[in-house]
Amino acid sequence: MTHSDSDSGSAGGQTRRRGRNETEEERADRMWTELIQEVRVAQMGVQILFGFLLTVVFQPKYDTLSDTDQTIYLITVVLGAVTTGALIGPVSLHRLVSGRRVKPQAVRWASRLTVLGLVLLLATTACSLLLILRVATHDGFVPYLVAGVVLWYLLCWFGIPLWTRHRHTAR
């Protein structure tokens, strides 16, 4: 019997499954492990960025920032806080539902929190870059540079993955 892109019957009347041969619980366990590894990377980045942001207000230069730059800073700190919440959320979710036989649902919610956290991390990083470049250069090209970086992040974090998913997912 040859393999094709579609399911094919076998001698016993069963259909051959594509992909991994795993139960819903086994799949949830595997997906949870993968998700936690991904979240660890994002958490490290946001925690370093957020920690740095928290120290800025205590620097002597903070008082010399324009009202606009102080507003950008405050927005950035709040974004950093909500990003941290979204990216730590999957850990809390897992801990609070562990042993309740809802891992597949927990994985879906944790995945959603992680994607939300990535979107918020993009916003936090963009605002941080905007603030730093405004203070460092005072040049009119700063918004364009930040927009270019945001487009780069969108391409790397969402564009290529979504294109790959669309292009290579079996229909």
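Visitor: How many aromatic pairs does a search of the whole structure find?
Guide: In this predicted model, the search of the whole structure finds two aromatic pairs. One is formed by Tyr62 and Tyr73, which meet edge-to-face at 5.3 Å centre to centre with 65° between the planes.

Visitor: Where in the chain do Tyr62 and Tyr73 sit?
Guide: Tyr62 lies in the loop between α1 and α2 while Tyr73 belongs to helix α2, 11 residues apart, and the pair thereby links distant parts of the chain.

Visitor: Are those two, Tyr62 and Tyr73, buried or exposed?
Guide: Both Tyr62 and Tyr73 are buried, and they also belong to the largest nonpolar core, which has 10 residues, among them Leu49, Phe50, Ile72 and Leu131. Helices α1 (24-56) and α2 (67-97) each supply at least two residues of this core, with the largest share, four residues, coming from α1.

Visitor: Back to aromatics, what about Tyr153 and Trp157?
Guide: Tyr153 and Trp157 form a stacked pair, 4.8 Å centre to centre and with 5° between the planes. They are separated by about one helical turn because they are four residues apart in helix α4 (residues 142-168).

Visitor: And why does Tyr153 count as partly exposed?
Guide: Tyr153 counts as partly exposed because its relative accessibility is 23%, whereas buried would require a value under 20%. Trp157, at 27% relative accessibility, likewise counts as partly exposed.

Visitor: New topic: what sits over the ring of Trp109?
Guide: The charged end of Arg112 does, at 4.8 Å from the centre of that ring.

Visitor: Where does UniProt place the "transmembrane region" feature?
Guide: The unreviewed UniProt entry places it at residues 41-60, 72-93, 113-135 and 141-163. In the model, residues 113-135 are 100% helix, with end C-alpha atoms 32 Å apart.

Definitions and conventions. Residues numbered from 1 in each chain as written. Predicted model: local features only at pLDDT ≥ 70, side-chain atom pairs only at ≥ 80, totals over all residues. Heavy atoms only, no water. UniProt positions renumbered as here; feature names shortened; annotations may be inferred. Core = buried A, V, L, I, M, F, W, Y, C linked by side-chain atoms within 4.5 Å. Buried < 20%, exposed > 50% of the residue type's maximum accessible area, 1.4 Å probe, protein only. Phe/Tyr/Trp six-rings, centres within 6.5 Å; stacked < 30°, edge-to-face > 60°. Lys NZ or Arg CZ within 6 Å of the ring centre and 35° of its normal.
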